[in-house]
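Dear colleague,

I am passing on the structure that follows, together with a short account of what was found in it. Please read the notes with the coordinates open beside you.

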Amino acid sequence: MSKSLNIAEAIAAAKSAGRPAIVAFMTAGFPRRATFLETLTRIGSAADVIEIGVPFTDPMADGMTIQRASEAALKDGVTLAWILDELRGAAARPAAPLLLMSYLNPLLRFGFDRLPAAARAAGVSGFIVPDLPNEEGDEFATALKAEGLALVQMVTPVTPRERLEALCRHADGFVYAVTMTGITGRSVDVPDEVLSYLDAVRAASGAPVCAGFGIRNRGQVERLAPHVDGVIVGSALVEVLERGEDPAAFLRELHL
Amino acid sequence: MSAMIDPAAAAELLAREIRGDFPDARGRFGPFGGRYVPETLIPALDRLEAGMRRWLKDPDYQADLARELNTWVGRPTPLSHATTLSARWGADIWMKREDLAHTGAHKINSAIGQALLAKRLGAKRVVAETGAGQHGVASAAACARLGLPVTVYMGAVDIERQAPNVGRMKLMGATVKPVTSGDQTLRAAVDEALRDWVSDPNGTYYLLGSAIGPHPYPYLVRELQAIIGREARVQMQAQAGGLPTAVFACVGGGSNAIGMFYPFVADRDVEIHGIEAGGRGPGLGDNAATICFGTPGVLQGAYSLLLHDEHGQIQETHSVSAGLDYPGVGPEHAFLSSIGRVKYGSIGDDEALEALEELSCSEGILPAIETAHAFAAAKRYAATHPGARILIGLSGRGDKDMPTLTRTLLKGKL
């Protein structure tokens, strides 16, 4: 069975339970490297899909929260190789499919020749690479496909209609529909045009559609629910971790 | 070190570079370049590319640009003979005086060209990054001239070491935003400018200062800076009696260097030397000599050479000059290095400061510390090539460096 199918299945399972799937983002090794797997397990108890952020020195699509977490994790010595080792060696991994979210350079440096197999051995189902647009992504997508891993495509409110349709046709795992122009972490009140944009994404996509950027509360999830298959929660969850609160309790509040 | 390509392949790539095949349709110079940005910026880059193709060669745009360059920037800039240095170094030294361009450096060539483009593309505001502050000042000036509001991102470390330029930007109405994230220098300023642009890709024009970033910026900046080399080439023939034996320019991101080099690339007998910041030494983190010590990777939108660790994390760099203090380099430089057409070397902090002092007292020109790196390398070259005719890109003036010079060369002398 293809791993990317797992992602779609996990999202479909939430849907059949009558709620949008929760895709939870955590920066690997944040707030502490020593509690990485523990944090992952806690989040896994309340999330349908987990994005594990590989820290990078220049996270150009991220706001202050994820920049801070990324910087702290790097200071703590978190690397892609370490993340894969930890996951591979884990006594138990969450049932939720795991995605690695990384800027391209750490992946390039690890090597496209070795990375897909290493990721698969670590139980990873796919990748999200914010600075790898479709035009530049063929080599990596092909390498991932050989191991049954997905490369999740992002679309945005400013993506022209034709391009949106082309990107959605190639979608693998799910379509990551960015809800606003800008960086992660800023809250939005989900205006009507975002909902019609999400409807357009859904109409164009065979894969499930998950909305991300700026999602922080149950009210937003309720408003988005009729228009998407899942929601992605990143900066708000990282802030919960930063404050030392329980990530699972926070995520469960978002279960409709 | 950049991977060297076999000689036959390199010759073919050079022939294609001379034919103007690069960047290709995918924005590549050989393997280098491309467009590695968040999806949100793809339509903005598509629009920029289409607008650039529409306007760059348009007669009205060209007429506007020529008028601004001639009557506002002060072009053509002179070619000066360095009479004293020629005698001291035993060679024939010529200086292309970009320090005499309005705002004191080559940056204005691209800033006014891009600001004119931004107007035609209907931009409501402009963002820019700056390292040494020269591009920030040039952007502030160009935007003031054309009535465009501009926000300049500048690393907190650079704000301190290039303080005079911050005041100049503010006087010309720019908003200067200090960047306290990351390394607080040029790289962090680019990251922050990209974050701003991604927040309003339709209304904002990103006026990128160097020949770096996603396609089409490396091409656009080269086209606007190539006036340096085109003028210098004609001036050398008229004033120096022929083309130079060797051309030198300093390389950070590489905008003044690509502007100087590109018109000489087809002159195969002319040696071309790009000079990077050797900082304190060859160790990772001690310099900003990306081509000399870097390896391929992706940073800030392009595949090029980078200074990064074995995990692909970008390294903090060191240079006494803020304008060279950058862990990446324009993709066309990585390409020209890989095919062997341009030789890249480095000069350390101390040697650059010595060259700055020598140029100041022998020719009465205080250059930017960035520029001084090229002079130091030319001096070394002259020592082994007596009588050579050498053209040096004098990319900017050094007034902005007074805070650094007060701490270094002038320590205890004021």
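To begin with the two chains, 30 residues of chain A are in contact with 30 residues of chain B, and please keep in mind throughout that this is a predicted model. On the side of chain A that touches chain B, the elements that each supply at least two residues are α3 (64-75), α5 (104-110) and β5 of chain A; the largest share, five residues, comes from α5(A). When the residues on that side of chain A are divided by class, 17 are nonpolar, eight are polar and five are charged.

Within chain A, helix α8 (residues 161-169) may be worth a look, since its buried and exposed residues can be placed around the axis. A:Leu164, A:Leu167 and A:Cys168 are buried in this helix, and because they cover an arc of only 95 degrees around the axis, they lie on the same side of α8(A). The exposed residues A:Glu162 and A:Arg169 are carried by the face of α8(A) that is turned away from its buried side. As for what the buried residues of α8(A) pack against, their partners are β5 (150-155), β6 (175-178) and α9 (192-204) of chain A. Strand β5 of chain A therefore appears twice in these notes, as a packing partner of the buried residues of α8(A) and as one of the elements that supply at least two residues to the side of chain A that touches chain B.

Turning to chain B, the domain assignment gives domain 1 (29-69 + 107-221) and domain 2 (75-105 + 226-407), and their centres, taken over C-alpha atoms, are separated by 22 Å. The contact between them takes 41 residues from domain 1 of chain B and 43 residues from domain 2 of chain B. Several elements each supply at least two residues of the domain 1 side, including α5 (107-120), α6 (134-146) and α9 (186-199) of chain B, while β2(B) gives the most, with five residues. By class, this side of domain 1 of chain B has 21 nonpolar, 14 polar and six charged residues.

Lastly, chain B has a hairpin formed by β11(B) and β12(B), with one residue between them. Strand β11 (residues 295-299) and strand β12 (residues 301-306) of chain B pair in the antiparallel sense over five bridges, and B:Thr295 has B:Leu306 in β12(B) as its bridge partner. In the turn, B:Gln300 has a positive phi of about 50 degrees.

With best wishes

Technical notes. Residues are numbered from 1 along each chain as its sequence is written. Chains are lettered from A and ligands numbered from 1 in the order in which they are written. This is a predicted model: local features need pLDDT of at least 70, side-chain atom pairs count only at pLDDT 80 or more; totals for chains, interfaces and linings use all residues. A residue is buried if 20 or more other C-beta atoms lie within 10 Å of its own, exposed if 12 or fewer, and partly exposed in between; C-beta atoms are placed from the backbone. Helices (H or I, at least four residues) and strands (E, at least two) are DSSP runs, numbered from the N terminus. The arc is that of the directions from the helix axis to the C-beta atoms. Two residues are in contact if their C-beta atoms, placed from the backbone, lie within 7 Å. Ala, Val, Leu, Ile, Met, Phe, Trp, Tyr, Cys and Pro count as nonpolar, Asp, Glu, Lys and Arg as charged, and the others, Gly among them, as polar. Domain bounds come from an automatic or database domain assignment. Two strands pair if DSSP finds at least two bridges between them.
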